Amino acid sequence: MAGNADAPDTGTDTVPLAIEARGLVKRFDGFAAVDGVDISVPEGAIYGILGPNGAGKTTTLRMLLGIIDPDSGTRRILGADRPHDVATRIGYLPEERGLYPAMKAVDAIAFVGALRGLPLKTGRARARELLEEHGLGYAADRQIRQLSKGMAQQVQIIGTLVHRPRLVVFDEPFSGLDALNQGRLERMMRDLAATGTTVIFSTHVIAHAERLCDEVAIIAGGKVPFAGSVDVARDRIPAQVRLETRAIDGAWRAALPADARNEGQFWYFSLPETGIEPLLRALIEGEAGILSLSIERAGLHDAFVAIAGEAAARALEAESPVEQKR
Amino acid sequence: MSKSVETGRLSTFAAAMVVARRDFTAILFSRSFLFFLLGPLFPVVVAVMAGGVGQRVQTSAETPRIGIAMSGEDALRMTTARDSLAGSAGIPLPDMRVIAEVRPGEAFDARARLAKADTTAILSGTPASPVLTGPQRWVEEWRGPVSLIAAQAEGNGPRDYAKVETQVVVAKRGESRSGRLKTAQGAQTLLFLLMMILAGMVLSNLVEEKGNKIIEILAAAIPMDAVFFGKLFAMLGVSFVGIAVWGSMVGALVLAAGSALPSLPAPAVGWPLLFALGVVYFAMAYLLVGSLFLAIGSLATTVREVQTMSMPVTMLQLINFFFASFAMTEAGSGLEIAAIVIPFSSPFAMLARAALDPGLVPHVLAIAWQLVCVVVFVKLGSRLFRKRVMQSGPAPVRQRRKLLSRLRTARG
């Protein structure tokens with residue numbers, strides 16, 4: 001699968017796809033909110049759409065779900081060209097959470113299930129079970145307006161899952177959740193994937209994508225410059241080498257890569273394409289006196305900067321300075 | 001791509017019913033619905049009371065009258081007898097006035113005189129052998145009082161009443177139609193009033209939905225058409241509940257105050273069918289206007305915006321009502337056909353037609369046409385909604401500002 005022509009082949013072409021979108025374009029008032037997005041989501045994967053606000057994440061998800069139609073491009077969800085044809089197999093948690101304030105929690109969950117084809121009676125029974133499982137059994141018959149914001153969000157997440165969907169789409173699911181509930185949601189997403197459910201979510205928090213995702217699509221300015229596995233994204237940037245030598249100078253320095261920079265006895269540079277062995281040989285033969293050597297693989301953040309650009313990365317950091325640090 | 005195609009969706013109707021059930025229950029069991037039900041009853045009570053006063057005024061102004069065509073002396077005896085009995089007879093006596101002095105032996109054509117329509121019936125002959133000519137209803141109703149007045153005029157006792165000869169005149173088609181026009185007008189006005197009271201409910205519904213941010217969940221799960229239909233069905237159901245409650249209460253008031261319904265001439269299709277068609281045409285009119293209001297409601301984000309944007313539609317409803325009312329008086333003309341074809345005036349025009357014309361085939365065609373229009377309007381509304389509303393980011397704000405600015409300019 002590949003997000004675009006530049007994205008490397010990650011070897012998932014043989015895996016059945018839950019979502020496949022090609023060349024999605026959506027314009028609002030002439031402005032291209034989404035401009036030629038390609039996305040392929042393997043079945044059973046946890047897939048993240050990573051980008052700053054305004055990058056086109058929500059619009060992309062809305063097109064994939066059939067809430068709005070693309071101006072051009074194609075999409076297939078669970079094998080159907082029209083998303084509503086498989087609506088009973090999909091769960092969706094929008095970015096802007098919403099429930100009827102006067103409805104009881106159990107009825108709100110059953111109603112969302114009924115929209116997805118689950119009979120109301122079954123929906124109510126499952127709602128009670130799920131609320132119990134999540135420690136909210138005592139609130140089953142309370143009106144939504146009587147619940148705290150966090151509880152209401154949990155009720156909505158349960159509503160998203162009550163009909164046991166094969167594909168779950170979360171739009172910025174961690175926004176507004178405290179650390180404890182973020183952890184719960186991460187576990188829930190992993191549990192869903194473990195049962196073969198495909199999970200796709202949008203986020204502007206790299207840490208969530210890095211921790212959870214098998215694959216990501218990096219989106220900026222309505223385009224997807226990269227779509228593929230997190231490993232492949234990280235491999236876009238050469239690993240960083242930190243070398244500590246006893247000698248300050250010598251003939252061995254000529255063997256260091258051109259981007260090597262010196263800080264005291266430490267040298268920092270990208271791992272050469274030829275690998276570390278020729279360099280080590282040159283250092284030993286040149287009597288550099290190697291005190292320590294570490295090779296660090298690039299993080300998703302570095303990959304994001306390299307792929308989406310500094311501006312997009314700064315926007316991402318500005319939106320979630322606290323969450324980024326987690 | 002996945003090889004196995006999994007399918008699963010609710011039909012549009014099933015999806016609409018999920019939405020309709022939720023909306024219907026939520027509205028019906030809300031506290032505000034009670035106030036909504038009671039609200040229009042206050043003006044109705046006032047109207048009934050005022051109507052009672054008005055009816056008395058109208059009754060005195062338009063009391064059916066007997067025209068006397070006798071010799072001067074006989075006519076004077078009859079009117080004197082009538083006046084002397086008034087108040088003591090114990091029964092209501094018809095108003096009488098002399099319309100012609102007939103010399104003995106002179107022929108008088110009562111039927112021709114009735115055609116002038118300035119009297120309801122004509123009393124000719126003599127007090128000893130009076131002849132009452134007029135429509136069946138009045139001849140039967142007045143035979144007794146006329147006999148009593150004639151006996152008084154003759155100075156006879158209660159056991160020697162004059163025998164009143166009667167001549168029944170069948171009402172002409174024109175008179176019958178004129179009466180039915182009143183029925184048609186009444187039906188149209190009632191339909192219009194119900195529409196004005198109830199159609200506004202649809203307006204605020206989607207705004208509330210957007211306030212609750214539920215709309216995206218609905219739009220993701222089911223087609224927008226189904227959302228719109230569901231909301232319309234729910235509101236229609238709520239309207240019927242309202243109409244049933246109001247109808248029962250008004251009916252009780254009317255029964256208590258004395259039946260007002262019989263004073264309207266029977267419609268051409270008969271009362272039961274007129275009521276049935278009234279229900280159908282109310283539903284059609286509601287769905288048509290409701291679909292328009294839903295489209296407006298979907299574009300607005302606040303109640304204030306809704307009020308601004310719905311004003312032209314409300315004005316359109318008024319124009320529509322006047323148009324249908326006027327077209328009713330031009331039966332069979334191009335104007336009436338236009339009123340029937342234009343979707344928003346069609347239910348009004350057809351309800352009037354039901355009162356005036358017994359044919360049923362046009363109703364079948366009109367209802368089918370109105371249904372098609374409802375489906376088209378809902379489809380257009382939902383398409384507009386998907387196109388204009390479901391955008392993230394700042395674009396919708398810009399568009400709303402643009403739209404409101406345009407509206408303000410247009411109003412200014």
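**Figure 1. Helix α3 of chain A and its buried residues in the predicted model**. In this predicted model, the buried residues of α3(A) are A:G123, A:R124, A:R126, A:A127, A:L130 and A:L131. The cover over these buried residues of α3(A) includes two further helices of chain A, namely α2 (105–115) and α4 (149–161). Helix α3 itself runs over residues 120–133 of chain A, and because 14 residues at 1.5 Å a residue should span 20 Å, the distance of 20 Å between its end C-alpha atoms agrees with what is expected. After α3(A) comes A:G135, a residue whose phi is positive, near 75°.

**Figure 2. The packing of α2(A) with α4(A)**. The two helices that appear in the cover of the buried residues of α3(A) also pack with each other, at an angle of about 35° and with their axes 8 Å apart. The crossing in which α2(A) passes α4(A) is right-handed. On the side of α2(A) the contact is made by A:A105, A:A108, A:I109, A:V112 and A:G113, and on the side of α4(A) by A:V155, A:I158, A:G159 and A:T160. By residue class, this contact of α2(A) with α4(A) divides into six nonpolar and three polar residues, with no charged residue.

**Figure 3. Two residues of chain A with positive phi that are not glycine**. A:R164, which lies in the loop between α4 and β6 (167–171) of chain A, has a positive phi of about 55° although it is not a glycine. Beyond β6, in the loop that leads from this strand to α5 (179–194) of chain A, A:E172 has a phi near 45°, again a positive value in a residue other than glycine. As for their surroundings, A:R164 is partly exposed, since 15 other C-beta atoms lie within 10 Å, whereas A:E172 counts as buried because it has 22 C-beta neighbours inside 10 Å.

**Figure 4. The surroundings of A:G73 in strand β4 of chain A**. A:G73 is found in strand β4, which is made up of residues 72–77 of chain A, and with 17 C-beta neighbours inside 10 Å it counts as partly exposed. Leaving aside residues up to four places away in sequence, A:G73 touches A:A21, A:R22, A:G23, A:L24 and A:V25. A:V37 is 36 residues apart from A:G73 in sequence, while the C-alpha atoms of the two residues are 8.4 Å apart in space.

**Figure 5. The contact between chain A and chain B**. Where the two chains meet, 43 residues of chain A are in contact with 32 residues of chain B. On the side of chain A that touches chain B, at least two residues are supplied by each of β1 (17–28), β2 (31–42), α1 (57–65) and α2. The residues of this side of chain A divide into 23 nonpolar, eight polar and 12 charged.

**Figure 6. Helices α13 and α14 of chain B**. Helix α13 (residues 334–341) and helix α14 (residues 346–356) of chain B pack at an angle of about 125°, with their axes 6 Å apart, and this angle makes α13(B) oblique to α14(B). From α13(B), the residues B:E336, B:A339, B:I340 and B:V341 meet B:S346, B:A349 and B:M350 of α14(B). The residues of this contact of α13(B) with α14(B) are five nonpolar, one polar and one charged.

Definitions and conventions. Residues numbered from 1 in each chain as written. Chains lettered and ligands numbered in written order. Predicted model: local features only at pLDDT ≥ 70, side-chain atom pairs only at ≥ 80, totals over all residues. Helix = DSSP H or I, 4+ residues; strand = E, 2+ residues; numbered from the N terminus. Expected span 1.5 Å × (residues − 1). Buried ≥ 20, exposed ≤ 12 C-beta atoms within 10 Å, placed from the backbone. Contact = placed C-beta atoms within 7 Å. Axes fitted to C-alpha atoms, helices over the stretch in contact; angles between N-to-C directions. Parallel < 35°, antiparallel > 145°, perpendicular 65-115°, else oblique. Nonpolar A, V, L, I, M, F, W, Y, C, P; charged D, E, K, R; others polar. Left-handed = near helix turned anticlockwise from the far one by under 90°.
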